[in-house]
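Hi,

Here's the structure I promised to pass on. Have a look first, and my notes on what turned up are underneath.

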Amino acid sequence: MTADSLRTSSLDSTLGIYVSVPFCRAKCSFCNFASGVSSSATIESYVTRLCAEIDSAAATAESLNAKLPRAVDTVYFGGGTPSLLEPAQLRRIFRALYKNFEIASDAEITLEAAPGQIADAVLAEAQLLGVNRISLGVQSFVDRETAAVGRSHTERECIREIVRLQSAGVADVGADLIAGLPYQTTASWQHSLEVATSIGLKHLSIYMLEIDEDSRLGREVMAGGLRFHANGVAADDSSAEFYETACEWLPRHGFPQYEISNFAAIPHQSRHNRKYWLRAPYFGFGLDAHSMLLRENGAVRFANPDEHSQYGAGGSPLVLIDISEREAFEETIFLGLRMNEGICRSQLRRNFPGEFVVPTEDAARELIRDGLMIERDDRWQLTLRGRLISNDVFTNLLLGVAV
Ligand code: SF4
């Protein structure tokens with residue numbers, strides 16, 4: 001399966017839906033998402049606003065002069081911890097989705113969950129409603145590391161949870177791991193990788209810990225402080241090293257890498273996330289949710305507010321970007337190159353003007369010479385070294401494209 005083989009008209013005529021559920025039982029110290037701990041009354045009122053937003057999707061698309069496919073083949077509940085919703089709340093959201101869209105019988109429907117935070121009743125309801133994929137925020141199978149960042153689960157509980165979900169018949173159970181957590185060592189990282197590949201998981205996502213001002217841990221590390229176990233955070237080089245180990249080790253143990261952060265055999269790759277990388281239309285509902293819809297000529301991106309007080313308060317989405325041809329070209333490059341299969345040069349030439357493609361080809365030649373990219377079968381792909389500094393590669397690649 002290649003990007004091109006997926007780039008069929010069905011990719012443009014079906015929609016992916018993202019539902020943001022920004023609530024968690026506790027805030028992890030490294031988290032920079034718009035999520036937090038809220039009362040059950042807040043969650044209930046949020047679900048009401050979410051359903052209203054889903055009901056007004058067609059009107060929103062029309063006001064943006066964008067096409068809204070009714071056919072949906074992927075739905076992704078992200079967060080936050082969507083598994084904390086009550087069964088009745090999940091039902092309400094699904095009812096709104098089924099009322100406004102035609103969800104394919106073989107749609108990929110994913111629910112993010114935290115280990116130990118998916119009640120029996122929620123799991124049963126989710127499966128009844130069509131959820132066939134659960135992504136667990138494990139982060140590490142080493143108790144000291146998860147405890148340091150404020151996660152309450154242990155390795156034992158994670159394994160028990162994974163077995164429970166598999167026994168309940170969830171077709172695809174996957175997990176996220178983070179490289180660079182406090183106290184992580186080469187040996188402890190290897191332990192997490194070994195456990196992750198030995199318990200029947202179908203999909204793994206590997207993220208490098210982000211040190212930035214949007215998380216409590218990131219701020220503390222930047223300030224050189226000791227709170228949140230900041231003094232236990234490995235040096236930058238270590239997380240890159242851990243990431244490289246994962247890129248080399250996972251494919252040899254049943255998890256081929258198919259994107260910068262994602263590893264799975266073809267049948268278990270995230271169909272929903274592929275839509276983002278292939279620039280297919282998707283609609284995000286809820287706090288801080290982002291969307292991209294196609295227009296007759298081009299596309300439009302828009303996003304909801306990331307503050308509860310502003311979300312659902314009426315009016316248009318907070319951020320609205322009309323995508324120019326140049327931006328479409330840039331997106332095609334940096335989203336397509338995230339995937340291991342990369343991007344097709346001939347297709348770039350066919351779809352975009354020479355003034356964009358020619359300088360990019362010049363830059364690509366240099367990046368190939370520097371060992372950051374390769375060209376194979378008319379496709380550009382990042383090397384492992386290129387993946388480690390992907391943002392720099394994208395910047396260099398697009399440097400010569402006139403603004
Ligand atoms: S569970 Fe996920 S979304 Fe919630 S605080 Fe932790 S990392 Fe952030």
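One cut-off before the rest: a residue counts as exposed when its relative accessible area is over 50%, and as buried when that area is under 20%. By that yardstick Asp 120 is exposed, at 57%. Keep in mind that this is a predicted model.

Asp 120 has a partner: its side chain forms a salt bridge with Arg 164, 2.8 Å from N to O. That joins helix H6 to helix H8 across 44 residues of sequence. Arg 164 itself is partly exposed, with 23% relative accessibility.

Helix H6 also holds Glu 125, which pairs with Arg 91 of helix H5, 34 residues away. The N to O distance there is 3.0 Å. Glu 125 is buried at 12%, while Arg 91 is partly exposed at 33%.

Over in the strands, Asp 322 and Arg 295 meet at 2.5 Å, N to O. Asp 322 sits in strand E12 and Arg 295 in strand E10, so this salt bridge ties together parts 27 residues apart. There's a network too, linking Arg 345, Arg 349, Glu 361 and Glu 375. The structure has 18 salt bridges in total.

As for the whole chain, you'll find 17 helices and 15 strands. Its radius of gyration is 21 Å, close to the 22 Å from the globule rule for 403 residues, so the chain is as compact as a globular protein of that length. Of those 403 residues, 55% are buried. The 38 positive and 52 negative charges have mean positions 3 Å apart.

Cheers

Terms used. Residues are numbered from 1 along each chain as its sequence is written. This is a predicted model: local features need pLDDT of at least 70, side-chain atom pairs count only at pLDDT 80 or more; totals for chains, interfaces and linings use all residues. Side-chain values use heavy atoms; hydrogens and water are left out. Helices (H or I, at least four residues) and strands (E, at least two) are DSSP runs, numbered from the N terminus. The radius of gyration is taken over C-alpha atoms; the globule rule is 2.2 Å times the number of residues to the power 0.38. Buried means under 20% relative accessible area, exposed over 50%, partly exposed in between (1.4 Å probe, protein chains only). Lys and Arg count as positive and Asp and Glu as negative; His and the chain ends are not counted. The place of a charge is taken as NZ of Lys, CZ of Arg, CG of Asp or CD of Glu. A salt bridge is a side-chain nitrogen of Lys or Arg within 4 Å of a carboxyl oxygen of Asp or Glu.
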